[in-house]
Amino acid sequence: MTTDAIRAVLEQLRRNHTTAGGELPGEPEIINRVNNALADRAQPSLKPVINLTGTVLHTNLGRANLPDEAIQAMTAIAGTSNLEYELSSGERGDRDAHVESLLTSLTGAEAATVVNNNAAAVLLALNTLALGREVPVSRGELVEIGGSFRIPDIMHRSGCKLIEIGTTNRTHLKDYATAINENTALLMKVHTNNYSIEGFTQTVNEAEVAELAHKNGLPLVTDLGSGTLIDLTQYGLPAEPTAARMIEAGADLVTFSGDKLLGGPQAGIIVGRKSYVDAIKTNPLNRALRIDKMTIAALVAVLHLYRDPDSLPERLPTLRFLTRTREKIQQSAEQVLPGLSESLQGIANVSIENTMSQIGSGSLPRDLLPSAAIRIEPERGDRTDTRLRNIAEAFRSLEVPIVGRIHDGALLFDLRTLDDPSGITRQLEQLKTELDSIGQ
Ligand SMILES: *Cc1c(COP(=O)(O)O)cnc(C)c1O
């Protein structure tokens, strides 16, 4: 490791010298650089960061922040546990047993199972119920979620045949009806919450599709995406269909993510009729997609919080962030403003700006929440990208990196997702060093 670090530092010096020329640093400086390189290598590359991007559920930054209860539950279960062991009988148990009753009571479904993420849940549901058979889906619902998750691709990989019905903007019940034949395995609805079609549109709701499916002896599977367990409008947030509403409308299987609006760990939750859930549990693919004990522990802790909806906005970080008012956010901004102005003196102007935050992770980009941000704009009329990028990089080089967004010639830190202003203030000394080292 030491030899590797020395080689890397010398290699970098040679490269810089060849391209830029100039004087080579002396021995003490080289030793210093090797030491720094070694210290860097001893650090894990995965580390906590402060998300001030203005997107509450940021997929690249690990989506939902877990509540303390979930963190404690994971620590407690990290050793040996009764993950698949029935303590009463001393026999083999089922890992779903720890979450199933919580999920059925929160959704009104007969049965539930949990897998690695919602993409896995959709793959597994289709592979179990529709292998080698046809699944009609509206053209208006063939969405790409981001990353590489596209409904047509996942359907293909699950081994079923997608039958596109209707048009991008309009799909009618008769489109579903005429697509049904003896090869049809099920009907599927995808909740398209990351974009919207407006104007001359027509969609068929779950209750109508469910009725048609059942008349033909078929199940209805709904991919709810960022499904939530409770009505978010009670907290003044945009309406999102709940898993319970889908079950009530007649969906036979509903899948959704654990780490989007639900605010828990990465997981794919499948709720619905017992016969279908049982079939999913015995699919050999399930073994490849199953969730880990830490995830189960965290999910159970988060689901427990849902039993008391009144304390939820306080205890569940995702909901705490989403419901934080602009006034409260403005107060945090006022707390960090003086320190930041001082550290960035002569480099950038620091001010507070009203802004709008996004929910993120597939929730409507249109549903924005009024927020406040720290605005850092390079001084001396110098609005070149390089300078701004250097400042942003200095914040990302901190011990706990701070990630914002660049907008309109400035670096913005939306403080909606900041619980503790000291995350910024105690790093100001290091910030100055980082700014010096990049020559700001
Ligand atoms: C986010 C999303 C998925 C994928 O869920 P992951 O938990 O990220 O795997 C699938 N379908 C819809 C509609 C989504 O919004």
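**Strand pairing, ligand shell and two buried polar side chains**

Strand 2 (residues 55-57) runs parallel to strand 14 (residues 348-360), and 2 bridges join them; two strands count as paired if DSSP finds at least two bridges between them. Strands (E, at least two residues) and helices (H or I, at least four) are DSSP runs, numbered from the N terminus. This is a predicted model, so local features need pLDDT of at least 70 and side-chain atom pairs count only at pLDDT 80 or more, while totals for chains, interfaces and linings use all residues. Residues are numbered from 1 along each chain as its sequence is written, and side-chain values use heavy atoms, with hydrogens and water left out.

Within the parallel pair, Leu57 has Gly360 of strand 14 as its bridge partner. Strand 14 also pairs with strand 15, this time in the antiparallel sense and over 11 bridges. Here Ala348 stands opposite Pro378 of strand 15.

Strand 15 (residues 368-378) is also home to Arg375. Arg375 counts as buried because its relative accessibility is 10% (buried means under 20%, exposed over 50%, partly exposed in between; 1.4 Å probe, protein chains only). Its side chain makes a polar contact with the side chain of Glu377 at 3.1 Å. A polar contact is a pair of N or O atoms within 3.5 Å; within protein, one must be able to donate a hydrogen and the other to accept it, and residues adjacent in sequence count only if both atoms are side-chain atoms. A polar atom of the Arg375 side chain also sits 3.3 Å from the backbone oxygen of Asp408.

Gln427 is another buried residue, at 3% relative accessibility, and lies in the loop between helix 17 (422-425) and helix 18 (428-437). A polar atom of its side chain is 3.4 Å from the backbone nitrogen of Glu399. Neighbours within four places in sequence aside, Gln427 is in contact (heavy atoms within 4.5 Å) with Ile50, Leu398, Glu399, Val400 and Ile402.

Then there is the ligand. Of the 14 residues around it (a heavy atom within 4 Å), Arg63, Ala119, Asp223, Ser257 and Lys260 come nearest. Helix 5 (118-130) and strand 11 (220-225) each supply at least two residues of this shell. A ligand oxygen is 2.9 Å from a polar backbone atom of Ala119, and a ligand nitrogen is 2.6 Å from an N or O atom in the Asp223 side chain. The protein covers 94% of the 380 Å² of accessible area that the ligand has on its own (Shrake-Rupley method, 1.4 Å probe).
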